[in-house]
Amino acid sequence: MSDRLSEITSFVKIAESGTLSEAARRLGLSLAATSRRLSQLEARLGVVLVRRNSRHLTLTDEGLLFYERAGRALSDIDAMESDVMRRATEAAGHLRVVTAMNIGRTRLAPLFRQYGMLHPDVTIHLETAEQAGNIVETGHDIAIVFDPPPDSALKMKRLTSNPRLLCASPSYLQRRGRPRSVADLGSHDNVVVGHAQQHMWRGVTGEGAGPRVTLSTNDGELGRAWILDGAGIAIKSLWEVADDLASGRLQRVLPAVRLPPSAIAALYLPAQGETAKVRSCLDFLARHLRTPDPADPDQRERHPPPIPSAGASVLPADQTRRNGNGATVRS
């Protein structure tokens, strides 16, 4: 294929130059090499393309037809390369994104609309799914996920923190009473979403008696529906229940208890991260995807308080104090 392309390129230069010697100069080849390329092309096509003598050349009818079409083809190749190289520096093309259903609908959709307005040459397709699949197989450019797997072969960009909290519905708290301390959780029901929350509950209650597991599921939306219906106390992501807290459908329980946050991150193929559309989109999301504040749904001015790192102890604030050296110790 490379030999065919070099023969065609040489023929176009010959047709435009008027002489073999001028074409050789423009191509940076010897006169013999230029003449050989022309002869190889004519032999492969089985037609004479150029009538030539030592000083002049003219195109045959077949040569003229081939020149017109070859010229257009080479122009298209140049344009194609320019367009592709432009996308390394200018955001353009089709951007396919997949994300978890709840965050995609409530938080990401407005941000992608803003991004699309800033980058009119990018067309955006946002899919919501219960779980982001293998983007290599699905053809997505970016997957936005909670708690990305640590062993993924994909590149990861952390977009924001995802705080967790204890919450329950007003109807449940009215019926069973509001726990005033971690010890009170032993007399309550809870809803557990995923196996990891079993360990998180043990981190909250320590060696004490934790809440009775009334319902468990691996479906975050189903767990949310249960606690909205008054099934018990649950550990939920602030991203999932911020609107419920702001509207009063759910209430925080033991707000002094600090739970380790997870991360909201973008996964993408390493090579895709070099394209301007992916790079600019990830930078935009990292700048604008802030943790929701239930006290201020519009987030016009306030920011949420700092969240402890994932390795921080899960303790009520009233069970810690400062010693004489300023270090935090358990009471």
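Strands are taken here as DSSP runs of E, at least two residues long, numbered from the N terminus, and in this predicted model Ile264 has its place in strand β12. With a relative accessibility of 0%, Ile264 falls under the 20% limit and therefore counts as buried. Neighbours within four places in sequence left aside, Ile264 is in contact with Ile103, Ile144, Val145, Phe146, Arg158, Leu159, Thr160, Asn162, Trp239 and Leu289. The C-alpha atoms of Ile264 and Ala286 lie 9.9 Å apart in space, while 22 residues separate the two in sequence.

Strand β12 (262-268) is also one of the elements that give two or more residues to the largest nonpolar core, and this core has 23 residues. Within it, the residues with the most contacts are Leu95, Phe112, Ile142, Ile144 and Leu285. Besides β12, the elements contributing two or more residues are β3 (93-100), α5 (101-118), β5 (142-146) and α11 (276-288). When residues up to four places away in sequence are not counted, Phe112 touches Leu95, Val97, Ile124, Leu126, Ile144, Cys281 and Leu285. Apart from this core lies another, of 16 residues, which includes Leu166, Ala168, Ile233 and Val253.

The packing of helices can be described in terms of two quantities, the angle between the axes of two packed helices and the distance between those axes. For α5 and α11, the axes come within 11 Å and cross at roughly 130°; an angle between 115 and 145 degrees is classed as oblique, and α5 and α11 are therefore oblique to each other. The crossing of these two helices, α5 and α11, is right-handed. On the side of α5, the contact is made by Leu108, Leu111, Phe112, Gln114, Tyr115 and Leu118, and on the side of α11 by Lys277, Ser280, Cys281, Phe284, Leu285 and His288. By residue type, the contact of α5 with α11 comprises eight nonpolar residues, three polar residues and one charged residue.

Strand β3, which likewise gives two or more residues to the largest nonpolar core, holds Thr99. The relative accessible area of Thr99 is 0%, and Thr99 is therefore buried. Residues up to four places away in sequence again not being counted, Thr99 touches Gly104, Leu108, Leu126, Glu127, Thr128, Ala129 and Ile144. Among these, Ile144 is also in contact with Ile264 and with Phe112, and Leu108 takes part in the contact between α5 and α11.

Methods: Residues are numbered from 1 along each chain as its sequence is written. This is a predicted model: local features need pLDDT of at least 70, side-chain atom pairs count only at pLDDT 80 or more; totals for chains, interfaces and linings use all residues. Side-chain values use heavy atoms; hydrogens and water are left out. A nonpolar core is a set of buried Ala, Val, Leu, Ile, Met, Phe, Trp, Tyr and Cys residues joined through side-chain atoms within 4.5 Å. Buried means under 20% relative accessible area, exposed over 50%, partly exposed in between (1.4 Å probe, protein chains only). Helices (H or I, at least four residues) and strands (E, at least two) are DSSP runs, numbered from the N terminus. Contact means heavy atoms within 4.5 Å. Axes are lines fitted to C-alpha atoms, for helices over the stretch in contact, and angles run from 0 to 180 degrees between N-to-C directions. Angles under 35 degrees count as roughly parallel, over 145 as roughly antiparallel, 65 to 115 as roughly perpendicular and the rest as oblique. A crossing is left-handed if the near helix is turned anticlockwise from the far one by less than a right angle, and right-handed if clockwise. Ala, Val, Leu, Ile, Met, Phe, Trp, Tyr, Cys and Pro count as nonpolar, Asp, Glu, Lys and Arg as charged, and the others, Gly among them, as polar.
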